[in-house]
Amino acid sequence: MNNFKKIGVSALAGSLMAVTANAGEMSVAGTAKIAVEHINGGAANAGKSFSMGNQLTFSGSGELDNGMNVSMSFILDQGDDATGGTTSGKNAPFDSHSVSVGMDGLGTLTFHGEGGDSAISAMDGSAAGGMWDNFQATADEPKAGKSSDDMLSYALPTFLDDLALVASYTPNGDGGASSSTSYSATYTGIEGLTLAYGAGEDNTAILTADATAWKVSYAYGPITVTATELEYDHDTDGSDRDMESYAIAYTVTDEISVGYGQEELTDGTGTEDAEFSGFDISYTSGGMTLKAYAQEGDNIDYSTTATKDQEVWAVNATFAF
């Protein structure tokens with residue numbers, strides 16, 4: 001009798017697994033990168049260094065019987081989550097993950113378990129790609145509203161052609177802080193032109209801040225020009241952060257592209273602006289991309305100290321599979 005019960009349970013489990021598999025699709029995509037970088041100048045002259053990166057993205061989606069579309073994404077990225085979790089869990093391989101539920105005419109609601117971007121943060125803050133982050137002892141990171149784990153974002157249904165509206169909500173999770181909200185609007189109704197604007201809050205238990213940002217991008221033939229501006233107004237003036245950036249990209253062939261960009265960061269202390277500029281070139285063939293860039297940063301800690309000017313160059317190879 002027990003044998004028949006085991007057979008019945010096994011058959012039922014296999015049947016349920018078959019139904020689940022037919023309801024959606026799962027896929028895995030990955031990237032691997034090998035890089036060499038050289039930083040010159042300043043007190044933290046690092047010379048040459050080698051590094052590698054790797055990432056696996058698991059994603060799945062399917063349509064339920066009630067018409068809802070459900071999708072999930074889970075990323076494995078060793079060492080990226082260096083500050084999350086308990087001490088024993090730091091540098092764990094688990095990174096951003098989210099679940100989305102949507103239906104035609106009702107929009108899409110996404111819950112970000114980790115690595116969520118507010119509506120304004122998701123606008124891609126710098127036209128030049130965040131060059132400031134390639135330098136040592138660099139200026140404080142530009143902020144763009146509240147982004148955190150366990151947050152919600154909602155992509156509204158289409159009200160007007162070529163207009164995308166997104167809102168996000170981060171609940172109170174910081175000892176009495178107010179919840180933070182943000183929104184963004186992106187218009188692509190003119191060929192080659194993208195216009196985006198966003199505003200949001202970054203509230204904590206002690207202080208509050210407001211952020212606004214805009215982005216303009218225009219592509220004409222092989223040339224794309226992009227400009228952005230971000231303003232972050234904090235209750236404490238010394239914690240204000242503003243950023244202006246622009247970039248020009250030229251597609252030489254289907255495989256080769258070159259670009260130039262600039263970024264200027266301002267803090268609330270009224271001292272010198274941090275300025276960054278650089279060139280890059282990339283070559284793509286199949287799933288392989290080779291990229292090289294040369295950049296320089298002036299006053300990278302908002303001071304005119306000579307040791308705070310640096311130059312950096314890097315070459316990397318990225319493989320997608």
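**Exercise 1. Place Ser71 in this predicted model and decide whether Ser71 is buried, partly exposed or exposed.**

Solution.
Step 1. Ser71 belongs to strand S3, which covers residues 69-81.
Step 2. The relative accessible area of Ser71 is 29%. Buried means under 20% and exposed means over 50%, so Ser71 is partly exposed.
Step 3. Ser71 can be paired with Ser98: the two are 27 residues apart in sequence, and their C-alpha atoms are 8.4 Å apart in space.

**Exercise 2. Which strand holds His97, and how far apart in space are His97 and Met72?**

Solution.
Step 1. His97 sits in strand S4, residues 92-103.
Step 2. With a relative accessible area of 26%, His97 is partly exposed.
Step 3. From C-alpha to C-alpha, His97 and Met72 are 7.5 Å apart, while in sequence they are 25 residues apart.

**Exercise 3. Compare sequence separation and spatial distance for two pairs that both involve Ala294.**

Solution.
Step 1. Take Ala314, which is part of strand S16. Its relative accessibility is 6%, so Ala314 counts as buried.
Step 2. Ala314 and Ala294 are separated by 20 residues in sequence and by 6.7 Å in space, C-alpha to C-alpha.
Step 3. Now take His38, located in strand S1, residues 24-40. His38 has a relative accessible area of 17% and is therefore buried.
Step 4. His38 and Ala294 are 256 residues apart in sequence, with 9.6 Å between their C-alpha atoms.

**Exercise 4. Asp162 and Asn299 each have a positive phi without being a glycine. Where does each residue lie, and is each one buried or partly exposed?**

Solution.
Step 1. The phi of Asp162 is about 70 degrees. Asp162 lies in the loop between strand S6 (151-155) and strand S7 (163-170).
Step 2. Asp162 has a relative accessible area of 41%, so this residue is partly exposed.
Step 3. The phi of Asn299 is about 55 degrees. Asn299 is in the loop between strand S15 (288-298) and strand S16 (310-320).
Step 4. At 13% relative accessibility, Asn299 counts as buried.

**Exercise 5. Which residues make up the largest nonpolar core, and which residues does the second core include?**

Solution.
Step 1. Recall the general tendency: in soluble globular proteins, nonpolar side chains tend to be buried together.
Step 2. The largest nonpolar core has 12 residues: Ile39, Ala128, Met131, Trp132, Phe135, Met243, Leu265, Ala274, Phe276, Ile300, Tyr302 and Val312.
Step 3. A second core is separate from that one and has eight residues, among them Met123, Ala211, Ala213 and Leu230.

**Exercise 6. How many cavities of 30 Å³ or more does the structure hold, and which residues are the closest to the centre of the largest cavity?**

Solution.
Step 1. Empty space inside a structure can be located by a simple test: rolling a probe the size of a water molecule over the atoms shows where such space is left.
Step 2. There is one cavity of 30 Å³ or more.
Step 3. The largest cavity contains about 60 Å³ of space. It is lined by 11 residues, and the closest to its centre are Met123, Asp124, Gly125, Ala213 and Glu229.
Step 4. Strand S10 (209-220) and strand S11 each give at least two residues to this lining.
Step 5. Two names return from Exercise 5: Met123 and Ala213 belong to the second core and are also listed for the cavity lining.

**Exercise 7. Which residues make the nonpolar surface patch, and which strand gives the most to the patch?**

Solution.
Step 1. The patch covers about 840 Å² and is made by Ile223, Val225, Tyr246, Ile248, Tyr250, Val252, Ile256, Val258, Ile281, Tyr283 and Leu290.
Step 2. Four strands each supply at least two of its residues: S11 (223-234), S12 (241-251), S13 (256-267) and S14 (274-285).
Step 3. The strand that gives the most is S12, with three residues.
Step 4. As an example, take Tyr246, which is in strand S12. Its relative accessibility is 32%, so Tyr246 counts as partly exposed. Patch residues need over 30% relative accessible area, and Tyr246 at 32% meets that cut-off.

Note on methods: Residues are numbered from 1 along each chain as its sequence is written. This is a predicted model: local features need pLDDT of at least 70, side-chain atom pairs count only at pLDDT 80 or more; totals for chains, interfaces and linings use all residues. Side-chain values use heavy atoms; hydrogens and water are left out. A nonpolar core is a set of buried Ala, Val, Leu, Ile, Met, Phe, Trp, Tyr and Cys residues joined through side-chain atoms within 4.5 Å. Buried means under 20% relative accessible area, exposed over 50%, partly exposed in between (1.4 Å probe, protein chains only). Patches are made of residues with over 30% relative accessible area and no salt bridge: like charges are joined within 9 Å, nonpolar side chains (Val, Leu, Ile, Met, Phe, Trp, Tyr) within 5 Å. Accessible areas come from the Shrake-Rupley method with a 1.4 Å probe; for residues, only the protein chains shown count as cover. A salt bridge is a side-chain nitrogen of Lys or Arg within 4 Å of a carboxyl oxygen of Asp or Glu. On a 1 Å grid over the protein atoms alone, a cavity is a set of points where a 1.4 Å probe fits but cannot get out, and a pocket is an open set with protein on both sides within 12 Å along at least five of seven lines; lining residues have an atom within 4 Å of a point. Grid points are joined across faces, edges and corners, and a volume is the space filled by probe spheres set on the points.
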